[in-house]
Amino acid sequence: MIRLRSIVGRALSAAALSFIALGASAQDDIAFHGSVQANALFPQEDEAINTGTYDKKILFNTYADLGLVSKYVDAGLRVEFMKWPLPGYEKDFAGWGVPNIYAKGKWKGLELTAGDFYEQFGSGFILRTYEERNLGIDNSIRGGRLKVNSIRGLRLTLLGGVQRRYWDWFKHSQIYGADAEVYFEDLFAKLGEKDISWMFGGSYVLKHERDKDIMVPGTDYRLNLPKCVDAFDLRSRFNKGRWSVLGEFAWKGQDPSYDNSYTYGHGTAYMLSGSYSMSGMSVLLQAKRSENMSFRSQRDIAGTSAMLNNMPAFAYQHTYALAAMYPYATQAAPGEWAFQGSFAYTFKRKTALGGRYGTKLKVNASYVRGLKHGDIESGLNGSIMGTNGDKTPFFGMGEAYYHDFNVQIEKKLTSSLQMSFLYMNQLYNQTVVEGHGGDVKSNIFVLEGKYKFDDRYTLRAELQYLTTRQDQKDWAYGLVELTVLPYLMFSISDMWNCGDTGTHYYMGGVTGNYKANRLMLSYGRTRAGYNCSGGVCRWVPASHGFQIAYSYNF
């Protein structure tokens, strides 16, 4: 059997030769693009916020991307230098090299990629590979991918490869996948005439993983681990004018892993989402049930690495500091029932509630509960390893994991002054998400004002307050930001734990923009906590020091 990396190597070589030949012709338009991003911290030890000690005087993450686009061939690579990574990045991040390189051929609706790439099937229930630098996630696939867009009404993707993990790849675990979407409005003209679009899609992912010696504790029993794990996804989206409905179902075969205590139950996910939108108003309602849907390249790995899929969190992504203090992380392995609804409405100008400039109202509610525990099959030596795991009733709901109800009002009072107000009520099950602490119940208030002096100067300020009787109790936050167009922005802020420790997390900074360059200099403290995006979270320790962030795009 030919080794996968040999196939990939030959494919990369062939693509590179094709690209060289194309460049030699010097006839096609060729465009170069790229970026540089560098983030550095000069850390200071701070006992008041428990930063710990540092071995290095500077910690930094640096990325440089270079890409080339032409009519028939694209190519690119990324260089990363993280010999001394920023706080919150595991020791395995330390290193440098070229972890991402690819060549892509394009011809008449066909697209063939050799090298490293990112892909998502549907909502990501069975496959989502992506890069999120703030979370330290890069789970790209190194291999080959074929996209077919040349058949009317059909989008087809075929892929295979191995997944990245830090500075290596899971060479003993191969990933293969296929995805197809049919767009009926492209096949039947009458649907388009009636303002109807209808998509039906299906996906398949196969993980082939080498067997490992996983023993039941206290016994001589070795688990019989499946070498192949199948996963399927079916979905349909229907749009009619202002209405849109999406339904999706995913199924995963037996996949005993660290996440599910090496049990053999199947994984499932159901999602139904509906929305309505018109000028000045929008409504979204969605529900999701997932169970045992953690899907990794290597079953004995924990944390955010090795993830093949992503279960989206039905929780509002807050940008205000205190509203984002307790972010929810999707519980994919045990599973959850999740509901979310949002409503947005703009009161028109010159009405009782709209006033002279109009008023924007946004209401969002998120509600997440665990699954109700059923009978658990007894295993060897009291362990559930090797059993089918928990038998949960479909509609049964367990303890509350999270809820968030928030109301936002945006109002322009004068031609120069704009105000925003947010109220949020939150329940955060700290034990489920972080492993300690119990329920944290909080009320959060935010007042933001923005005053535009003229076309150059804008002053923005925030006042926030979080009140709770749990964890570290009450917090207050203030920020003042001055923008001087087109080059500068100055900011100063303080997050104060006024309920328990009395600790201040102050920060001051200046940001400069010139053409494609952006430089930010700041000094202060950063609170320890979870940094989340899309339901995926990473713990970031407290830090204190001088920070530099630079980016350049061309």
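Strands here are DSSP runs of E at least two residues long, numbered from the N terminus. With that in hand, we can walk through this predicted model, starting with Met-507, whose place is in strand 25 (residues 504-514). Leaving aside neighbours within four places in sequence, Met-507 is in contact with Ser-491, Ile-492, Ser-493, Ser-522, Tyr-523, Gly-524, Arg-525, Thr-526 and Gln-547. Asp-454 makes a useful second landmark: 53 residues separate Met-507 from Asp-454 in sequence, and their C-alpha atoms are 27 Å apart in space.

Let us turn next to some strand pairing. Strand 3 (residues 73-82) and strand 4 (residues 95-107) are antiparallel partners, joined over nine bridges. If you would like a place to look, find Glu-80, whose bridge partner in strand 4 is Gly-97. Strand 4 also runs antiparallel to strand 5 (residues 110-117), this time with six bridges, and here Gly-105 stands opposite Leu-112 of strand 5. Strand 4 and strand 5 form a hairpin with two residues between them, and Lys-108 in the turn has a positive phi of about 50 degrees.

Now for the interior. In soluble globular proteins, nonpolar side chains tend to be buried together. In this model, the largest nonpolar core has 50 residues, and Val-205, Leu-322 and Tyr-402 have the most contacts inside it. Among the elements that give two or more residues to this core are strand 13 (228-240), strand 14 (243-252), strand 19 (397-412) and strand 20 (417-429). A second, separate core has eight residues, including Tyr-63, Met-82, Phe-93 and Tyr-166. Back in the largest core, Val-205 is a good residue to centre your view on: beyond four places in sequence, the residues that Val-205 touches include Phe-121, Ile-126, Leu-127, Ile-175, Tyr-176 and Phe-295.

What about empty space? A search of the whole structure finds one cavity of 30 Å³ or more. The largest cavity has a volume of about 210 Å³. Of its 19 lining residues, Phe-93, Gly-136, Ile-137, Asp-138 and Tyr-166 are the closest to the centre. Phe-93 and Tyr-166 will be familiar, as they are also among the residues of the second core. Strand 3, strand 7 (137-138) and strand 9 (154-165) each supply at least two residues of the lining.

A charged side chain deserves a stop too. Arg-289 sits in strand 16 (residues 281-291). Arg-289 counts as buried because its relative accessible area is 3%, under the 20% limit. A polar atom of the Arg-289 side chain lies 2.7 Å from the backbone oxygen of Phe-394, and the backbone oxygen of Pro-393 lies 3.4 Å from a polar atom of that side chain. Other residues in contact with Arg-289 include Thr-268, Tyr-270, Glu-336 and Trp-337.

We can finish with some backbone details. Most residues other than glycine have a negative phi, and most peptide bonds are trans. Asp-195 has a positive phi, near 60 degrees, and lies in the loop between helix 3 (189-193) and strand 12 (196-209). Its relative accessibility is 49%, so Asp-195 counts as partly exposed. Lys-350 also has a positive phi, of about 60 degrees, in the loop between strand 17 (336-347) and strand 18 (359-371); at 74% relative accessible area, Lys-350 is exposed. Finally, a cis peptide bond with omega of about 5 degrees joins Leu-485 and Pro-486, and Pro-486 lies in the loop between strand 23 and strand 24 (488-496).

Note on methods: Residues are numbered from 1 along each chain as its sequence is written. This is a predicted model: local features need pLDDT of at least 70, side-chain atom pairs count only at pLDDT 80 or more; totals for chains, interfaces and linings use all residues. Side-chain values use heavy atoms; hydrogens and water are left out. Two strands pair if DSSP finds at least two bridges between them. Helices (H or I, at least four residues) and strands (E, at least two) are DSSP runs, numbered from the N terminus. A nonpolar core is a set of buried Ala, Val, Leu, Ile, Met, Phe, Trp, Tyr and Cys residues joined through side-chain atoms within 4.5 Å. Buried means under 20% relative accessible area, exposed over 50%, partly exposed in between (1.4 Å probe, protein chains only). Contact means heavy atoms within 4.5 Å. A polar contact is a pair of N or O atoms within 3.5 Å; within protein, one must be able to donate a hydrogen and the other to accept it, and residues adjacent in sequence count only if both atoms are side-chain atoms. On a 1 Å grid over the protein atoms alone, a cavity is a set of points where a 1.4 Å probe fits but cannot get out, and a pocket is an open set with protein on both sides within 12 Å along at least five of seven lines; lining residues have an atom within 4 Å of a point. Grid points are joined across faces, edges and corners, and a volume is the space filled by probe spheres set on the points.
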